[in-house]
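Here is a friendly walk through one model, in questions and answers. Have the viewer open and follow along.

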Amino acid sequence: MEIYNYQKENVEATPERVFEFVNDDAKLQEIFSILDNIEYNTTEKRNEGTKFRTTLNVKGKTYRFRSEIIEYETDRRITVRSRLKQGDVVTQFTVVPNNGGVDIAVRSELRNSKMGAKVLVTTMKPVVNIVMNRELNKFIGHIEK
C-alpha cells in the first residue's frame with residue numbers, strides 16, 4: 001500500500017553530488033528538519049544489512065523506528081525497511097542520470113500490514129505528503145547549489 005511518492009526530473013546535480021548528502025548523516029540532519037537522530041547498530045553506515053534507529057520529530061511528536069538498509073547501489077539507489085507496529089515501511093530513494101542532471105524518485109509503501117493499517121495510511125498520507133514534499137524540495141535546493 002503506497003504511503004508516499006515523489007519524483008523530480010532534470011535536477012541540476014550529479015548522482016555523486018546527490019549521494020554526497022545521502023551518505024552524510026550531518027548533512028541529512030541539517031537539511032531534513034524532521035530528522036532528530038540516527039543511531040547505528042552496525043559499524044557500516046551505508047551497506048546492505050546496515051541496521052539503525054531513526055528518531056523523527058514531526059509537528060511536535062517524536063517517532064522512533066528500527067530500520068535496515070535492504071538495498072544499496074552506490075550513487076544510484078538506497079532502500080530502507082523500517083519496522084512499525086502496523087507493518088514494514090519500505091522506502092526506496094533512486095537517482096537516474098538524465099542529460100547531465102538527474103531524476104530523483106522517492107517511494108514509500110506499507111508492507112506486511114496488520115489490521116487497521118489502511119486507516120492509518122489514509123490518515124497519515126496527507127501529512128506525510130506535505131512534510132516530505134517540503135523536505136525533499138529543500139534537499140533539491142541544497143544539491144543544486
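Q: In what order do the seven strands of the open sheet stand?
A: In this predicted model, the pairing in the sheet is antiparallel. Neighbouring strands are turned by 20 degrees against each other on average, direction ignored. Reading across the open sheet, the order is E1-E7-E6-E5-E4-E3-E2.

Q: Which strands stand at the edges of this sheet?
A: An edge strand has a single partner, so one side of it is left without a neighbour in the sheet. That applies to E1 (2–11) and E2 (35–40).

Q: Which residue in E6 does Arg77 stand opposite?
A: Start with the two strands: E5 covers residues 77–84 and E6 covers residues 87–98. They pair in the antiparallel sense over eight bridges. Across from Arg77 in E6 you will find Thr94.

Q: Why do the buried residues of H1 line one face of the helix?
A: Helix H1 (residues 15–22) lies across E4, E5, E6 and E7, running at about 150 degrees to E6. Its buried residues are Pro15, Val18, Phe19, Phe21 and Val22. Seen down the helix axis, they line one face because their directions fall within an arc of 150 degrees.

Q: Which helix gives the most to the lining of the largest pocket?
A: The largest pocket holds about 1400 Å³ of space. It is lined by 41 residues, and Ile34, Leu56, Phe65, Thr91 and Met132 are the closest to its centre. With nine lining residues, the helix that gives the most is H3 (residues 117–143).

How values were computed: Residues numbered from 1 in each chain as written. Predicted model: local features only at pLDDT ≥ 70, side-chain atom pairs only at ≥ 80, totals over all residues. Heavy atoms only, no water. Pairing = 2+ DSSP bridges. Helix = DSSP H or I, 4+ residues; strand = E, 2+ residues; numbered from the N terminus. Axes fitted to C-alpha atoms, helices over the stretch in contact; angles between N-to-C directions. Contact = heavy atoms within 4.5 Å. Buried < 20%, exposed > 50% of the residue type's maximum accessible area, 1.4 Å probe, protein only. Arc of directions from axis to C-beta. 1 Å grid on protein atoms, 1.4 Å probe; cavity = no way out; pocket = protein on both sides within 12 Å on 5 of 7 lines; lining within 4 Å. Points joined across faces, edges and corners; volume = space filled by probe spheres on them.
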